[in-house]
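Welcome! Here is a friendly briefing to read alongside the sequence and the 3D view.

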Amino acid sequence: LIAIFMMSPAPRKGKLLNNVRHPMLVGFALWAGAHVLVNGDAPSVVLFGGLLAWALAEIVVLNKAEGPWEPSEFGTYGKDGMFFVASIILLLVIGFIHGLVGPSPFGG
């Protein structure tokens, strides 16, 4: 849920995550890290571990290439709430589809 929220427009339009420089890459790294933790088999570790390493390396490369950074003007907590509710709905949709094509992330 946190990864989906970070990949939404919330970090740019809300107030909570305004100081995160690369919110989509951080969200992607959280998603990949969660998948490494729940899937212990070697192919999953290679796939999701590689994606996690890529996201973290990309953050370092972008920070070096872009130089100093100033956060943009922040929005409101209302926007954060709106994107959080949208993230919950999106998580339910993703979880439903995930359950149709593979194991359900919600158990059962």
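Which residues form a nonpolar patch on the surface? They are Val85, Ile89, Leu90, Val93, Ile94, Phe96, Ile97, Leu100 and Val101, and together they have about 890 Å² of accessible area. Please keep in mind that this is a predicted model. The notes below begin with the whole protein and then visit some of its residues.

**The whole protein**

- The protein has 5 helices and 0 strands, so the order of elements from the N terminus reads α-α-α-α-α.
- Its C-alpha trace spans about 45 × 35 × 15 Å along the principal axes.
- There are 108 residues in the protein, and 25% of them are buried.
- Among contacts with a separation of 6 or more, 65% are between residues 24 or more positions apart.
- The accessible surface amounts to about 7100 Å², and carbon and sulfur atoms account for 74% of that surface.

**The nonpolar patch**

- One of the patch members is Ile97, which is found in helix H5.
- How exposed is Ile97, and what is its relative accessible area? Ile97 is partly exposed, because its relative accessible area of 45% falls between the limits of 20% and 50%.

**Aromatic pairs**

- How many aromatic pairs does the structure hold? The structure holds 4 aromatic pairs, and two of them are described here, starting with Phe5 and Phe84.
- Phe5 and Phe84 meet edge-to-face, with 6.1 Å from centre to centre and 75 degrees between the planes.
- This pair links distant parts of the chain, since Phe5 belongs to helix H1 (residues 2-7) and Phe84 to helix H5, 79 residues apart.
- Phe5 is buried, with a relative accessible area of 9%, whereas Phe84 is partly exposed at 39%.
- Phe28 and Trp54 also form an edge-to-face pair, with their centres 5.7 Å apart and 85 degrees between the planes.
- Phe28 sits in helix H3 (residues 23-38) and Trp54 in helix H4 (residues 42-66), so their pairing ties together parts of the chain that are 26 residues apart in sequence.
- Phe28 has a relative accessibility of 21% and counts as partly exposed, and Trp54 is partly exposed too, at 43%.
- Phe28 and Trp54 also belong to one aromatic cluster, together with Trp31 and Phe48.

**Charged residues**

- By the rule used here, the protein has 1 salt bridge.
- Which residues form the salt bridge, and how far apart are their closest N and O atoms? Arg21 forms it with Glu66, and the closest N and O atoms are 3.2 Å apart.
- This salt bridge links distant parts of the chain: Arg21 is in the loop between helix H2 (10-13) and H3, and Glu66 is in helix H4, 45 residues apart.
- Arg21 is buried, with a relative accessible area of 16%, while Glu66 is partly exposed at 44%.
- Asp80 lies in helix H5, which covers residues 77-101.
- Asp80 is buried yet has no salt bridge. Why does Asp80 have no salt bridge with Lys15, the nearest side chain of opposite charge? Lys15 is 8.0 Å away, and a salt bridge needs the nitrogen and oxygen to be within 4 Å, so the two do not qualify.
- Leaving out residues up to four places away in sequence, Asp80 touches Phe5, Ala10, Gly14, Lys15 and Leu16.
- Phe5 thus appears twice in this tour, as a contact of Asp80 and as the aromatic partner of Phe84.

**Two residues of helix H3**

- His35 lies in helix H3. Is His35 buried or exposed? His35 counts as buried, because its relative accessibility is 19% and the limit for buried is under 20%.
- Apart from neighbours within four places in sequence, His35 is in contact with Phe48 and His98.
- Phe48 is also one of the residues in the aromatic cluster.
- Leu37 lies in helix H3 as well, and it counts as exposed, with a relative accessibility of 74%.
- From C-alpha to C-alpha, Leu37 and Met24 are 20 Å apart in space, and they are 13 residues apart in sequence.

Technical notes. Residues numbered from 1 in each chain as written. Predicted model: local features only at pLDDT ≥ 70, side-chain atom pairs only at ≥ 80, totals over all residues. Heavy atoms only, no water. Helix = DSSP H or I, 4+ residues; strand = E, 2+ residues; numbered from the N terminus. Buried < 20%, exposed > 50% of the residue type's maximum accessible area, 1.4 Å probe, protein only. Lys, Arg positive; Asp, Glu negative; His and termini not counted. Contact = heavy atoms within 4.5 Å. Phe/Tyr/Trp six-rings, centres within 6.5 Å; stacked < 30°, edge-to-face > 60°. Patch = residues over 30% accessible without salt bridge, like charges linked within 9 Å, V, L, I, M, F, W, Y side chains within 5 Å. Areas by Shrake-Rupley, 256 points an atom, 1.4 Å probe, with all protein chains shown as cover.
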